[in-house]
Amino acid sequence: AADASGPGEGISVSAGLLLAQALARAHRIAPRAAGYVWTNIFTNTRGLGTVPNGLCPLGARRVELTGVPRVAAVYVWGSAEPTVLALHGWGADSTTMSGVVGAATDRGESAVSFDAPGHGASPGTQATMREYADATLAVLQRFPSITTIVAHSFAAIAAVSAVAAAAGNGVRFLLLLAPPCSLSDVLERWAAQRDLPPAVVEQIR
């Protein structure tokens, strides 16, 4: 749901949005302030009232992950080293990839997924695509057995970036579900829906 509308949709009735709208109207006076507030809204990952929880997805085992900011663990299904990595979209979490995980395990594969920074059990209320890509790269390095990545929506950007950066990785297949053409295009559409002036959009970039 949140992923379909783009980042930040979950706080559309917040005080931050009201402030941002006021600043957008006064962008000639305070473009940097308007850009700062709208950037916080654009990078928001959670709806109103949602908080992280530490519940492990059904059927998975938790594997600790060290050295990755705001991602403490991954979830692995199956007894062998995982060959399939399932990446969730913006505003979602690893549980939304249960269909992919089920399809993999039904075929005898082991699968792994994780909650991106600021999503699911991972702390925070905001994230950037760079953080998601860096976390994905860390998972690829931790599990060199991964040969297939299935990524939904915004996770496609993180997946492609991580594969490109992971020297000598074993990934052979990338399945991108409803991927955006580019983050820039997403920002342009998101800003147009909110009638943001170009000066504010440039500050968000």
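**View 1. Serine 153, a buried spot with a positive phi.** In this predicted model, serine 153 counts as buried, at 9% relative accessibility. That call follows because buried means under 20% relative accessible area. Look at the backbone here too: phi is positive, about 55°, although serine 153 is not a glycine. As for where to find it, serine 153 sits in the loop that links strand S5 (148-152) to helix H6 (155-165).

**View 2. Arginine 70, a positive phi in the loop between S1 and S2.** Arginine 70 isn't a glycine either, yet its phi is positive at about 65°. Its loop runs between strand S1 (61-64) and strand S2 (73-77). Is arginine 70 buried, exposed or partly exposed? With a relative accessible area of 27%, arginine 70 is partly exposed, because that class covers what lies between the 20% limit for buried and the 50% limit for exposed.

**View 3. The chain around these two loops.** Zooming out, you'll count eight helices and six strands. Follow the sequence and they come in the order α-α-α-β-β-β-α-β-α-β-α-β-α-α. Of the 205 residues in the chain, 45% are buried.

**View 4. Contacts and surface of the chain.** Which share of the contacts between residues at least 6 apart in sequence joins residues at least 24 apart? That share is 69%. On the outside, the chain has an accessible surface of about 10000 Å², and carbon and sulfur atoms account for 58% of that surface.

Note on methods
Residues are numbered from 1 along each chain as its sequence is written. This is a predicted model: local features need pLDDT of at least 70, side-chain atom pairs count only at pLDDT 80 or more; totals for chains, interfaces and linings use all residues. Side-chain values use heavy atoms; hydrogens and water are left out. Helices (H or I, at least four residues) and strands (E, at least two) are DSSP runs, numbered from the N terminus. Buried means under 20% relative accessible area, exposed over 50%, partly exposed in between (1.4 Å probe, protein chains only). Contact means heavy atoms within 4.5 Å. Accessible areas come from the Shrake-Rupley method with a 1.4 Å probe; for residues, only the protein chains shown count as cover.
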